[in-house]
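Me: Please take a close look at a single part of this structure, the open sheet in chain A. How are its strands ordered, and which of them stand at the edges?
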Amino acid sequence: MIRAGLQALLSHWWRNPLQLVTLLGGLALATALWSGVQGVNAEARQSYDAAAATLGEVQFAQLLPASGDQISEATYIALRRTGWLVSPVIEGRRENVRIVGIDPLTAPGTIGPITLTPGTDVAAFLTGRGQVFGTTQTLAALRGLIDADLVEASDIAPNVAITDIGVAQRILGLEGQLSRLIVAPQQPLGQASLADIAPQLTLRQPQGGTDVARLTDSFHLNLTAFGLLAFAVGIFIVNGAIGLAFEQRRSVVRTLRALGFPLHVLIALMAVELLVLALVAGGLGIFLGYLIAAALLPDVAATLRGLYGAEVSGDLQLRPSWWLSGMAIAVGGTGMAAASSLWRLARMPLLAAARPRAWAMAAGKGAGWKGLISVALLLASLLVIVLGKGLLLGFFALGALLIGAALGLPLVLDRVLALGQSMGKSVTASWFWADTRQQLPGLSLALMALLLAMAANVGVSTMVSSFRLTFVGFLDQRLSSELYVYADDPAQAEQLVAYLAPRVDAILPIQSVQADLAGLPSEIYGYRQHATYSDNWQFLTSVDDAWGVLGRGEGVIINEQLYRRANLNLGDEILIAPAVYLPIVGIYGDYGNPIGQAVVTEALFVQVFPTSVPLRFGLRLPSQDVPALSASLRDEFGLSAGNLINQAGIKAFSLNVFERTFTVTTALNFLTLAVAAFAILMSLLTLAGMRLPQLAPVWALGLTRAQIGRLELVRAIILAVVTTLLALPLGLALAWVLLAVVNVEAFGWRLPLYLFPLDYLRLGAFALIAAALAALWPAIRLARTPATDLLKVFANER
Amino acid sequence: MNARALLFCLLFPFAAIAQGFAGLGSAADGFAVPAPAPVFDFPTDHALHPDFRIEWWYLTANITGPDGTDYGLQWTLFRSALAPEAANGWQSPQLWMGHAALTTPDQHFVTERLARGGIGQAGVSADPFAAWIDDWTLAGPGFDQLRMTASGPDFAYDVALTAEGPLVFHGADGYSVKSGDGQASYYYSQPRYALSGVITLPDGTVPVTGSAWLDREWSSQPLSDNQTGWDWFSLSFESGDKLMGFLLRQSDGTSFSSATWIGHDGTVAAYSDGAFAARPVEQSQVAGGDIPTTWQVTLPDRGVDVTVSAINRNAWMNVTIPYWEGPVRITGSHDGRGYLEMTGYE
């Protein structure tokens with residue numbers, strides 16, 4: 001019995017392969033975009049985590065050599081023997097791979113090859129030739145060059161190889177030397193003072209603030225927003241396809257039940273059928289998602305490396321958590337889309353008739369309450385933005401805005417079409433507008449998909465471009481000196497200043513100390529008064545004559561992060577050192593750094609922090625003199641490339657990085673529009689078959705089939721144009737929420753919203769082309785409908 | 001199991017056995033194996049024996065503050081070798097682990113250190129005697145005059161030890177059999193150190209006096225495959241007599257016992273399996289498990305029938321491989337104080 005029932009149910013798909021394609025394709029595309037984006041994000045985060053664990057800089061304080069490069073092993077032992085629980089690390093490069101040697105016995109728990117699982121040969125790690133852990137790519141670079149066993153470990157940061165300290169010393173030729181010492185969080189009583197045992201070492205507190213994951217979150221946010229929206233669009237398609245399939249199978253269901261097939265078995269069969277379809281589509285989607293992620297990852301990795309110096313593996317790995325979540329979202333999405341259909345089936349009277357066309361129009365029913373929900377959602381979104389706080393609420397506002405707008409779309413489109421109808425005078429025009437309006441319900445899901453895709457593209461493009469403009473402007477402000485020089489130690493700094501003084505227009509020392517400001521980890525900078533700052537730095541808000549007040553040492557300027565996080569205001573006094581309170585006279589934007597900053601004059605800085613010695617200097621000089629001066633500094637002081645940073649070079653590099661970002665964004669734009677176009681194509685194809693009875697009279701009244709086909713195409717384009725136009729304000733609203741709400745909650749800065757009309761024009765053109773392409777085939781099919789088919793409509797009604 | 005615990009199990013078979021990882025300690029591939037009728041050579045034998053897989057310098061002390069409060073001290077240095085050889089630098093296969101503890105009637109402080117051999121971070125030298133790991137030391141001009149220090153995040157101690165009697169050799173002249181299969185170790189003790197010094201608690205320092213017991217033991221295959229843990233007693237009676245006894249618990253529910261009677265008159269008598277008995281009387285909930293913290297201990301041959309109870313039931317050594325170790329009070333046929341170590345209960 002079950003077999004027969006299943007056969008009856010499945011025969012529907014045989015007869016309607018198009019619906020099957022819609023269902024599988026929609027779900028697969030939705031899953032693909034979602035899981036592709038998640039794959040990229042997961043890979044990047046994994047890289048950050050691995051890097052953070054390797055470096056230990058985030059969690060642990062460290063002892064660093066104050067001058068010179070290395071720490072001797074004797075110093076390490078002396079520290080251990082006087083109660084310093086420190087763990088040695090040696091670092092160096094071979095074949096551009098960072099070799100990190102650790103001592104697993106003294107290293108704090110979370111450092112080291114995290115792959116030390118049962119079966120690991122500890123003796124082989126500690127003694128003998130030793131073992132070097134790294135990713136496949138990393139090890140490939142080292143193969144044949146080092147004398148140690150290479151062990152693949154996927155959770156180690158890219159381009160980093162971890163091994164025992166003794167092995168690393170041997171590989172690097174640094175026997176008896178150490179790069180730094182990690183300080184365990186808990187130290188014993190009676191520890192000797194560092195100044196007595198190792199005065200040459202300096203203690204650096206954990207660098208929690210430089211957590212690269214936080215910095216790069218804004219980038220990942222873009223991707224996630226894309227993924228989520230694409231998935232929502234996909235679910236719209238799936239919901240449409242499933243609903244239609246259920247409706248068309250009513251007669252089958254009726255017959256089966258009349259033959260005595262139990263309802264619950266029928267529902268179970270349909271649920272299982274859907275589950276199987278969801279798994280197939282999910283699998284396909286994950287495969288496609290993998291391809292998308294693999295294609296995007298190199299660009300994403302390059303972007304992140306360039307922007308934030310974050311090493312991200314360009315190599316995608318299939319993590320179980322990733323494909324399982326992809327499957328879960330495919331099955332869950334199908335369940336969501338099918339729930340109402342299954343519910344209706346369960347409550348359907350035994351002998352209810354099939355009304356596929358009525359179903360297709362059902363979206364038009366209850367337009368009133370859909371309008372109400374739409375308005376309610378939009379209001380809720382507004383309310384959350386005005387009153388709410390927190391990242392989750394920000395995302396809620398985003399969701400409410402988009403769904404509210406999508407639900408309201410059919411109403412607005414109908415109004416617009418009514419307007420067109422009132423203007424159309426000829427008979428054909430009147431018919432065209434009226435027919436378009438009555439077609440609207442059947443197309444509304446696809447149009448909603450188009451609206452969301454277009455809005456997402458406008459929103460995310462605006463956000464990325466605004467971020468780019470702001471960031472480039474910020475670089476212009478911050479990198480106003482033509483050349484930056486980094487001294488290795490105070491003595492060299494002194495020599496550099498003496499050498500440079502007669503050769504440049506101005507030397508601007510850059511010095512900072514770490515401090516807690518208003519209870520938040522922050523940095524305090526001292527600046528030398530110079531037009532460079534007052535000419536270039538722009539305040540988000542400031543008191544009158546902020547530079548004047550600041551210059552007299554009577555005030556402090558702070559960055560936006562500190563201002564927002566600590567809820568400070570202009571005029572509030574903050575404590576920058578014991579007993580030194582200063583009023584805030586200006587707030588400046590700061591997009592390269594997640595922690596708080598405050599800036600005071602050099603004179604005040606030196607007075608408050610007398611031990612701080614500036615090692616970094618900005619140099620003002622005619623830009624054509626930069627290459628010559630760089631060359632002479634290299635020759636005179638033996639400065640390495642890392643000690644000399646050319647402003648033009650760094651800006652060019654940053655812009656190059658943004659180009660990469662745009663490659664990623666453009667690819668995602670294209671993919672989301674493709675999903676929407678797919679939705680339109682499927683809706684039109686589905687409707688085409690049902691519309692024959694409506695078109696036959698029009699044909700009989702004298703319109704040629706070619707004319708009807710053309711009108712079909714025009715109809716699709718008009719709907720797409722109106723939807724695209726409506727998507728523009730929605731996309732801008734989306735961008736505004738992302739920039740002004742989500743960004744503030746997530747990163748503490750609010751980015752200004754810039755408009756990019758040319759980009760929107762291009763996106764709109766893409767959307768129209770996508771819609772037109774999607775409508776082309778159904779229109780051609782219609783134009784080629786055999787006259788006999790049209791005649792049949794009159795012969796036997798339906 | 002986390003990576004650190006795994007590391008421990010692989011490095012320290014002692015700990016691995018305590019964890020039920022039997023088998024790791026039983027193969028002695030390439031390592032020297034204790035042989036009967038040993039001839040010791042002092043002070044050389046106070047230092048390490050790199051040819052043997054494991055070795056320890058294990059000191060426990062019962063001490064008293066000026067107000068009569070009882071405290072317990074532990075200072076332990078374990079050596080474990082990955083290979084039977086000595087080498088300089090990071091390549092040395094000798095690894096070290098230190099445990100230090102300070103027990104008060106209601107608090108128990110524990111800390112742990114790990115070190116590689118070959119780089120000077122930990123080691124033992126014979127003459128003058130010095131055993132150390134990081135800033136912890138057990139050192140002096142000779143084995144009879146030692147200064148012992150250790151420190152943790154919340155406690156420290158610095159005490160002087162003076163031997164008041166000769167070394168005592170367990171089993172057959174220091175060859176101590178550990179199972180019916182013949183597994184054995186070299187084992188001797190200095191059970192009579194007089195102790196004086198200072199302990200540091202979170203509330204401040206306390207001057208203390210008391211007595212300490214130092215065990216020296218080394219082997220390559222100390223336990224048999226079916227042994228799951230042990231209960232070790234060092235008891236000092238008010239009569240001046242002392243008793244060392246241990247039970248090695250076996251997976252079939254039986255146990256293997258051994259004991260040494262150390263008379264106040266200098267007599268030493270070894271007892272083989274069965275003579276010494278210890279029976280749990282009362283269990284305590286410690287660290288989520290049931291641990292016997294009161295025992296009935298008997299050695300009928302010497303008329304010993306005593307109740308041994310923990311001064312602080314929560315003397316749980318919460319180190320990477322945890323066990324129970326703490327001072328005990330003795331009542332019954334004999335009164336006195338002592339130390340109890342119990343492994344393999346987790």
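Reply: The following account describes the sheet, then its setting in the chain and the confidence of the prediction.

The model is predicted. In chain A, eight strands form an open sheet in the order 6-5-7-4-3-9-1-10, and their pairing is mixed. The edges are occupied by strand 6 (149-152) and strand 10 (201-204) of chain A; each has a single partner strand, so one side of each is left without a neighbour in the sheet. On average, neighbouring strands of this sheet are turned by 30° against each other, direction ignored.

Within this order, strand 5 (residues 131-134) and strand 7 (residues 160-164) of chain A pair in the antiparallel sense, over two bridges. A:Val132 has A:Thr163, in strand 7 of chain A, as its bridge partner. Helix 6 (residues 165-172) of chain A lies across strand 3 (86-94), strand 4 (97-102), strand 5 and strand 7 of chain A, and runs at about 140° to strand 4.

As for the setting, chain A has 25 helices and 20 strands. Of its 798 residues, 41% count as buried. Among contacts in chain A between residues at least 6 apart in sequence, 82% join residues at least 24 apart.

Concerning confidence, the predictor assigns the complex an ipTM of 0.91 and a pTM of 0.57. Chain B has a mean pLDDT of 88, with 91% of its residues at 70 or more. Over residues 1-26 of chain B, however, the pLDDT is below 50, and this stretch has 64 contacts in the model beyond near neighbours in sequence. Where pLDDT is low, the predicted coordinates should not be read in detail.

Conventions
Residues are numbered from 1 along each chain as its sequence is written. Chains are lettered from A and ligands numbered from 1 in the order in which they are written. This is a predicted model: local features need pLDDT of at least 70, side-chain atom pairs count only at pLDDT 80 or more; totals for chains, interfaces and linings use all residues. Two strands pair if DSSP finds at least two bridges between them. Helices (H or I, at least four residues) and strands (E, at least two) are DSSP runs, numbered from the N terminus. Axes are lines fitted to C-alpha atoms, for helices over the stretch in contact, and angles run from 0 to 180 degrees between N-to-C directions. Two residues are in contact if their C-beta atoms, placed from the backbone, lie within 7 Å. pLDDT is the predictor's confidence in each residue, from 0 to 100. A residue is buried if 20 or more other C-beta atoms lie within 10 Å of its own, exposed if 12 or fewer, and partly exposed in between; C-beta atoms are placed from the backbone.
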